[in-house]
Amino acid sequence: MNLNVIANPTGNIKSRIRKDKIYLGIIIVLSLITISPIILIISKLIIKGIRQINLSFFTETAPDTLEAMTALSNNEIIPGGILNGITGTIFMVLMASLMAIPVGILIGIFLYEKGEKRYANIIRDISDIMQGIPSIVLGLIAYLWIVKNITNGFSALAGSVSLAIMMLPLIIRSTEETLKMIPQTIKEAGFALGAPYHKIILKVLIPSSLSGLITGILLAISRILGETAPLMLTALGSPVVNFYADKPTSAVPLLIWEFYNDPNMVDLIWSSSLFLMGFVLTLNIISKRIAAKRK
Amino acid sequence: MNSEKITKGVLLVASFLILIITCGMILSLVSGSIPVFNEFGFKFIISTAWNPTEDKENYGALPFIAGTVITSLLALIICLPMAFSTSLFIGEYFRGKWYSKALGTMVDLLAGIPSIVYGLWGFYVLRPFIVDLGLSSQGYGIFTSGLILAIMIIPYATSISTEIITMVPNDLKEAAYSLGATRFEVIKSVVVPSARSGIFASYILAFGRALGETMAVTMLIGNTNIIPTGLFDTGNTMASVIANQFGEAEGLKLSALIAIGLLLFLITGLINAIGKFIIKKFA
């Protein structure tokens with residue numbers, strides 16, 4: 001460290017203080033610029049999207065181009081909603097969660113148990129690198145694995161596999177971090193009573209870290225809810241509500257992409273985006289609340 | 001004692017699963033891209049051709065690699081001063097104050113916005129703004145994509161830098177204050193030097209994020225298969241070309257897209273590994 005600068009400051013005290021103030025000013029201005037997009041984006045979505053949100057928005061499937069065009073030319077609000085997107089998103093996220101959460105928690109416990117052993121470090125590094133894989137590449141993978149080989153066509157299953165691979169490293173990391181925060185003594189007390197290892201996991205580790213695990217799961221879900229790119233390559237989209245794992249399925253982000261590409265339905269993008277973002281941010285805030293309560 | 005072994009076995013098997021998934025991913029991508037590498041060899045990486053016409057098929061990845069690197073570097077350059085200032089605001093100047101916490105929450109929310117919403121906002125707000133400024137006639141291109149990417153990666157760089165900056169020991173800072181240093185001097189000669197490598201790593205990880213972003217870039221870059229030569233040129237990134245061309249892809253073209261996916265996988269993997277390595281060394 002260059003302590004020389006401090007011991008022999010250049011310039012008199014007035015110019016040094018002035019410099020200090022200017023620097024603080026720059027920091028404040030740049031920080032405010034940094035957060036301005038969030039305010040601009042949310043206000044834009046609310047102003048443009050709130051008009052379209054009503055009951056039928058949640059209970060009807062997306063309109064076709066013709067219906068939208070007629071409504072547009074009569075200067076009415078476009079009919080229909082995004083029900084097929086909402087059900088598709090819930091369906092795929094649920095399947096992805098069923099795949100990723102149990103495995104992720106098991107691997108998290110494994111890493112916590114093994115600590116700094118060599119093999120555990122390799123697994124940890126791999127899961128860290130997996131976390132950085134672009135979602136579109138995961139879409140390609142799910143396409144190669146599921147669409148081409150298992151369902152022989154675009155399917156909800158393929159979509160949820162790509163989402164599950166995305167969730168897995170997030171769950172692993174959050175599980176391990178949460179478990180690390182449990183006092184060793186609780187675990188040792190369990191062992192001292194002669195409890196077998198699986199009982200320690202089920203009755204001590206998981207219950208005492210439950211709120212942390214839920215935070216991690218909610219954050220992971222909020223990360224995959226808005227994913228569009230991998231679903232374009234796997235679930236494709238569907239105009240009707242679908243709950244078959246081997247059939248193409250819509251999702252809210254996929255619908256936004258369809259609306260964006262159709263000049264007649266472009267008005268629907270704002271309300272759908274508002275809904276999607278409201279959903280994601282609410283999950284985000286809930287999970288942070290739970291995390292804050294723990295501390 | 002038997003249940004003990006079963007439990008340990010289950011945990012171990014679960015850990016194999018992530019190994020299998022990773023190996024399977026690499027294997028599938030490699031085998032999917034074999035046709036295109038058979039056809040064009042490693043010239044695929046340095047070729048600028050992109051011609052899907054039957055019998056004259058010719059593919060090269062260079063324009064997309066260039067597009068990806070240029071947009072991400074631009075995003076990184078824009079992100080640097082912003083994330084640095086914000087992390088000093090939250091982690092040093094106003095640490096623990098309510099408005100600093102509010103700022104931190106807002107930055108976190110920025111990370112929660114889906115990519116497609118950024119794309120829409122970029123398309124309907126940012127792009128017309130750039131046209132109004134007279135910077136480009138359509139508003140599409142490298143600069144618009146770089147700008148939206150910068151907004152998207154700022155939260156990643158900021159949250160890691162903030163964490164590193166708050167880890168700088170108070171003793172060091174107090175020692176400098178006791179010598180009569182101003183806050184600016186403390187930051188310049190104590191905080192930044194001791195948090196340097198961590199801050200550096202946070203930018204590398206943010207850069208890795210920018211490389212793989214798909215939707216927002218696809219909506220803003222203009223989607224032309226040329227190497228961009230200026231800031232306001234249109235182009236295509238590796239992720240955006242996959243998203244755009246995948247729908248009608250078959251045979252050799254599909255293989256070319258998978259090969260681009262493989263390259264993207266390798267590049268982001270490498271960048272992330274470097275970033276994590278630096279952070280590990282630092283911590």
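These legends accompany several close-up views of a predicted model.

**Figure 1. An overview of chain B as a starting point.** Before zooming in, it helps to meet the whole chain. Chain B has 11 helices and two strands, and their order along the sequence reads α-α-β-β-α-α-α-α-α-α-α-α-α. The C-alpha trace of chain B spans about 75 × 75 × 30 Å along its principal axes. Of the 283 residues in this chain, 53% count as buried. If you are thinking about contact order, take the contacts in chain B between residues at least 6 apart in sequence: 72% of them join residues at least 24 apart.

**Figure 2. The side of chain B that touches chain A.** Here 67 residues of chain B are in contact with 70 residues of chain A. On the chain B side, at least two residues each are supplied by helix 1 (2-40), helix 3 (62-93), helix 4 (98-112), helix 5 (115-132), helix 6 (142-166), helix 8 (183-212), helix 10 (238-245) and helix 11 (251-282). Helix 1 of chain B gives the largest share of this side, with 16 residues. By class, the residues of chain B that touch chain A are 43 nonpolar, 20 polar and four charged.

**Figure 3. Helix 10 of chain B and its surroundings.** Six of the eight residues of helix 10 of chain B are buried, so this helix is largely enclosed by the rest of the structure. To find the buried positions in the view, look for Met238(B), Ala239(B), Ser240(B), Val241(B), Ile242(B) and Ala243(B). The cover over these residues comes from both chains: it includes helix 7 (135-147) and helix 12 of chain A, along with helix 3, helix 8, helix 9 (215-220) and helix 11 of chain B.

**Figure 4. A closer look at Ser240(B).** This serine is found in helix 10 of chain B. Ser240(B) has 28 other C-beta atoms within 10 Å, and because 20 or more are enough for a residue to be called buried, Ser240(B) is buried. Beyond its neighbours within four places in sequence, Ser240(B) is in contact with Thr214(B), Val217(B), Thr218(B), Ile221(B) and Asn223(B). For a distance check of your own, try Ala216(B): it lies 24 residues from Ser240(B) along the chain, and their C-alpha atoms are separated by 8.9 Å.

**Figure 5. Leu233(A), with a contact in the other chain.** Leu233(A) sits in helix 12 (residues 229-234) of chain A. Its C-beta has 28 others within 10 Å, and Leu233(A) is buried. Setting aside residues within four places in sequence, Leu233(A) is in contact with Gly139(A), Leu140(A) and Tyr143(A), and also with Phe246(B). Leu144(A) is 89 residues away along the chain, and the C-alpha atoms of Leu233(A) and Leu144(A) are separated by 9.9 Å.

**Figure 6. Thr215(A) in helix 11 of chain A.** The helix that holds Thr215(A) covers residues 210-225 of chain A. Thr215(A) counts as buried, with 22 C-beta neighbours inside 10 Å. Not counting residues up to four places away in sequence, Thr215(A) touches Ser174(A), Ser287(A), Ile290(A) and Ala291(A). As a second reference point, Glu113(A) is 102 residues from Thr215(A) along the chain, with 21 Å between their C-alpha atoms.

**Figure 7. Helix 5 packed with helix 6 in chain A.** Helix 5 (residues 83-114) and helix 6 (residues 118-131) of chain A pack at an angle of about 140°, with their axes 9 Å apart. That angle makes helix 5 of chain A oblique to helix 6 of chain A. Their crossing is left-handed. Helix 5 brings Ile107(A), Leu111(A) and Lys114(A) to the contact, while helix 6 brings Tyr119(A), Ala120(A), Ile123(A) and Arg124(A). By class, this contact has five nonpolar, no polar and two charged residues.

**Figure 8. Helix 6 packed with helix 8 in chain B.** These two helices of chain B pack at an angle of about 150°, with their axes 8 Å apart. Helix 6 and helix 8 of chain B are therefore roughly antiparallel to each other, and their crossing is right-handed. Residues in the contact include Leu149(B), Ile153(B) and Tyr156(B) of helix 6, and Val191(B), Ala195(B) and Gly198(B) of helix 8. The residues of this contact divide into 14 nonpolar, three polar and one charged.

Notes: Residues are numbered from 1 along each chain as its sequence is written. Chains are lettered from A and ligands numbered from 1 in the order in which they are written. This is a predicted model: local features need pLDDT of at least 70, side-chain atom pairs count only at pLDDT 80 or more; totals for chains, interfaces and linings use all residues. Two residues are in contact if their C-beta atoms, placed from the backbone, lie within 7 Å. Helices (H or I, at least four residues) and strands (E, at least two) are DSSP runs, numbered from the N terminus. Ala, Val, Leu, Ile, Met, Phe, Trp, Tyr, Cys and Pro count as nonpolar, Asp, Glu, Lys and Arg as charged, and the others, Gly among them, as polar. A residue is buried if 20 or more other C-beta atoms lie within 10 Å of its own, exposed if 12 or fewer, and partly exposed in between; C-beta atoms are placed from the backbone. Axes are lines fitted to C-alpha atoms, for helices over the stretch in contact, and angles run from 0 to 180 degrees between N-to-C directions. Angles under 35 degrees count as roughly parallel, over 145 as roughly antiparallel, 65 to 115 as roughly perpendicular and the rest as oblique. A crossing is left-handed if the near helix is turned anticlockwise from the far one by less than a right angle, and right-handed if clockwise.
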